[in-house]
Protein chains: 2
Amino acid sequence: MKSTIKDVAKEANVSIATVSFVINDSKPISEETKNRVLKAIKSLNYHPSKSAVNLVSGKTGNIGFILTDDHFLRTEPFYTTIFLGTEFEARSEGYYILLTSIKTNFDENDILPRFILNKSVDGIIIAGKIPHLLIERISAYNLPTVFIDYIPPSNNYPLVLIDNIQGAQSATNHLIELGHTNIAFIGGDIEHPSLSHRLYGYKQALEKANIPIKNNLIITDAKYPDRQHGFNSAKKLFSKNKNVSAVFACNDAMAIGVLQWLNENGFKVPQDISLVGFDDVDADIMLRPPLTTIRVPKIEMGVEALKLIVNTVKSKKSLPKKVLVPVELIIRESTSLFKPK
Amino acid sequence: MKSTIKDVAKEANVSIATVSFVINDSKPISEETKNRVLKAIKSLNYHPSKSAVNLVSGKTGNIGFILTDDHFLRTEPFYTTIFLGTEFEARSEGYYILLTSIKTNFDENDILPRFILNKSVDGIIIAGKIPHLLIERISAYNLPTVFIDYIPPSNNYPLVLIDNIQGAQSATNHLIELGHTNIAFIGGDIEHPSLSHRLYGYKQALEKANIPIKNNLIITDAKYPDRQHGFNSAKKLFSKNKNVSAVFACNDAMAIGVLQWLNENGFKVPQDISLVGFDDVDADIMLRPPLTTIRVPKIEMGVEALKLIVNTVKSKKSLPKKVLVPVELIIRESTSLFKPK
DNA sequence: AAACTATGGTTAAACGTTTAACGAGTTTTT
DNA sequence: AAAAACTCGTTAAACGTTTAACCATAGTTT
């Protein structure tokens with residue numbers, strides 16, 4: 001049967017307190033007894049009861065992870081990969097992750113994730129753009145909260161952010177260095193800070209290179225940055241502009257849509273059009289041609305977020321620390337030297 | 001501050017036992033006191049401490065969900081969608097899901113998911129093909145276990161399975177009804193019962209229609225049924241066989257790979273080749289042409305699995321119940337009438 | 001009227017930990 | 001040599017529930 005701390009104490013001939021001290025290394029215990037206890041633990045295959053530990057410590061040992069439905073189910077595993085990083089780090093920290101998704105259009109009538117209502121988490125991680133109403137309602141529970149890849153309206157949360165400006169500059173510079181001057185930007189959901197930062201980085205790079213910014217080369221009215229909208233945006237862009245030679249898409253999903261439109265409409269990539277994405281999702285290397293992109297260290301982001309939340313949970317003081325994760329240009333085969341027609 | 005059952009008892013002027021009885025409806029309490037207690041609960045925003053409940057009940061209120069890394073991160077959100085169904089049902093049942101992934105090639109040296117070692121789940125759900133070594137090692141903990149879309153070697157677990165044979169027959173029949181006779185099967189990871197059942201269903205349909213089964217039209221040596229392998233298998237199939245007019249791929253991921261190869265090699269779908277997939281993943285409608293496929297009710301599968309596990313957890317007796325979820329042919333634009341050249 | 005039976009409630013033990021308070025030896029300081 | 005300090009332990013309270021055992025009171029049988 002399941003063994004308890006009492007069984008271990010009896011087996012090792014010590015009090016249960018001593019066993020606890022050994023387990024948590026919370027009081028000096030002689031080598032000898034320590035070994036006796038450890039041996040007993042092993043022989044009985046003893047594992048402390050989480051419930052009991054939680055009860056007395058007042059903590060749950062759980063961290064909640066919140067994602068909107070569409071982020072959870074999107075074709076490109078972006079946030080799910082981040083989740084995996086979190087889960088991974090949680091293992092070494094001894095936490096469990098409670099993953100839940102909320103409706104993308106969370107409204108007044110929707111209820112909060114159960115783990116918040118029941119107080120069964122010590123802190124929460126929120127990834128991606130999330131309805132502000134949700135943030136407001138969660139804040140009433142004042143649980144330690146960390147945001148990943150989103151900047152909430154109230155700016156005193158710990159954050160894990162992508163260096164989007166730097167990344168967008170790298171992407172744009174890469175195209176500039178290849179000789180392109182008519183470089184389009186295809187974005188969507190421009191209210192997401194990450195995506196508007198990418199636009200900003202794009203503009204900055206052009207400015208620095210003394211290339212005029214042309215508003216007709218900037219398509220940002222897509223509602224959601226996915227393949228379908230990338231496809232539509234490409235259609236829009238190329239039906240109006242004949243001299244575009246390069247496209248920087250705000251993420252790989254849109255880039256894939258753009259690529260598909262180009263393929264279907266007789267444009268060769270990269271011979272006719274150079275294309276750069278952002279994120280470096282798995283699908284990229286399967287594309288024809290494999291996509292040049294900006295790599296975002298997704299696993300690391302999840303790891304950082306968990307470290308942050310554990311820190312604030314333990315220290316009790318929520319210092320609004322920001323972690324800016326660096327990105328990296330990955331050159332594949334969707335970009336090449338500009339060739340005048 | 002966080003209120004406890006004591007606060008409620010004091011507020012309602014009853015003993016804590018009475019409060020407990022009201023909450024759990026475990027003993028008759030007069031309407032009057034019941035209302036007083038409920039009012040107190042509401043006004044204090046009281047929620048029972050999970051840890052305390054768990055401690056005394058000996059249960060954790062958690063269910064573990066195990067997935068291999070590649071299933072978790074695959075481009076087509078198949079098992080993740082199933083997970084969502086499980087999570088959804090868990091909400092109404094009051095359970096939390098602990099999601100974890102294990103290495104696809106789990107071996108001797110790998111450790112089991114933490115929630116098993118620490119006994120912090122009441123039961124586990126395992127989705128997809130999983131190393132037998134893992135199953136063996138888990139079984140030592142005899143936790144209630146439910147498998148989704150996989151048939152473990154030892155056949156006394158509750159199972160949630162797809163009606164693969166029926167689905168494969170529908171797919172194949174659809175092609176037969178369109179006049180095709182040279183119908184290829186592209187599969188992979190044929191050791192997965194689901195996939196071998198799909199092959200079986202394909203053969204059955206051909207037999208019933210008195211169409212000879214040709215082994216050179218059956219490509220099943222791919223190791224993993226993903227886009228890349230679908231692409232390679234298509235190459236293999238068409239380089240040897242000139243008269244194939246239709247392909248049934250064992251899942252949508254492979255179908256997408258096949259489609260890509262066809263597109264790149266001058267075959268028009270469905271004019272030259274009709275193509276049917278299996279699963280009905282989101283990406284299907286974005287394809288050119290949109291893919292005809294067999295719809296698998298993923299959310300429902302997750303729901304069923306949670307119901308099963310909760311049942312066996314509660315009843316304590318693990319009846320090896322099998323749930324076979326029905327599938328449905330979805331006709332889109334990747335299939336059309338056979339036209340002789 | 002005495003003896004049951006229901007109904008609606010209370011008391012207190014139990015679940016498995018952590019940790020404050022205490023104590024017995026032993027060593028160090030004065 | 002007495003006092004102080006350190007080391008290594010123990011005892012017992014506390015965490016917030018559930019639930020078996022018990023107890024009034026009122027109603028029902030004999």
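Is A:Asn232 buried, exposed or partly exposed? I looked this up to get started, and A:Asn232 turns out to be partly exposed, with a relative accessible area of 36%. For my own reference, buried means under 20% relative accessible area, exposed means over 50%, and partly exposed is in between (1.4 Å probe, protein chains only).

Ground rules, before I go on. This is a predicted model, where local features need pLDDT of at least 70 and side-chain atom pairs count only at pLDDT 80 or more, while totals for chains, interfaces and linings use all residues. Residues are numbered from 1 along each chain as its sequence is written, chains are lettered from A and ligands numbered from 1 in the order in which they are written, and side-chain values use heavy atoms, with hydrogens and water left out.

**Entry: around A:Asn232.** I placed A:Asn232 in helix α11 of chain A, residues 227–240. Helices here are DSSP runs (H or I, at least four residues), strands are E runs of at least two, and both are numbered from the N terminus. I also checked A:Gly257, which is 25 residues from A:Asn232 along the chain, and their C-alpha atoms are separated by 7.8 Å.

**Entry: chain A as a whole.** I found 13 helices and twelve strands in chain A. Its radius of gyration is 25 Å, well over the 20 Å that the globule rule gives for 341 residues, so chain A is more spread out than a compact globule. That radius is taken over C-alpha atoms, and the rule is 2.2 Å times the number of residues to the power 0.38. Along the principal axes, the C-alpha atoms fill a box of roughly 90 × 45 × 35 Å. I noted that 57% of the 341 residues count as buried. Of the contacts in chain A with a separation of 6 or more, 72% are between residues 24 or more positions apart; contact means heavy atoms within 4.5 Å.

**Entry: DNA strand C.** I took a residue as near a strand if one of its heavy atoms lies within 4 Å of it. There are 27 residues around DNA strand C, and A:Ile5, A:Ser20, B:Ser15, B:Thr18 and B:Lys27 come nearest. The largest share of this surface, five residues, comes from α2(A). By type, the residues divide into 16 nonpolar, nine polar and two charged. Here Ala, Val, Leu, Ile, Met, Phe, Trp, Tyr, Cys and Pro count as nonpolar, Asp, Glu, Lys and Arg as charged, and the others, Gly among them, as polar.

Which part of DNA strand C lies 3.2 Å from a side-chain N or O atom of A:Lys27? I found a base nitrogen there. With A:Asn24, a polar side-chain atom lies 2.9 Å from a phosphate oxygen of the strand.

**Entry: DNA strand D.** I counted 28 residues around DNA strand D, the closest being A:Thr18, A:Lys27, A:Thr33, B:Ile5 and B:Ser20. Sugar and phosphate make up 63% of the strand's atoms that come within 4 Å of the protein. B:Ile5 uses a backbone N or O atom, 2.7 Å from a phosphate oxygen of DNA strand D. From A:Ser15, a polar side-chain atom lies 2.8 Å from a phosphate oxygen of DNA strand D. For this strand, α2(B) gives the largest share of the surface, five residues.

Key
Polar contact = N/O pair within 3.5 Å; in protein donor to acceptor, adjacent residues only side chain to side chain.
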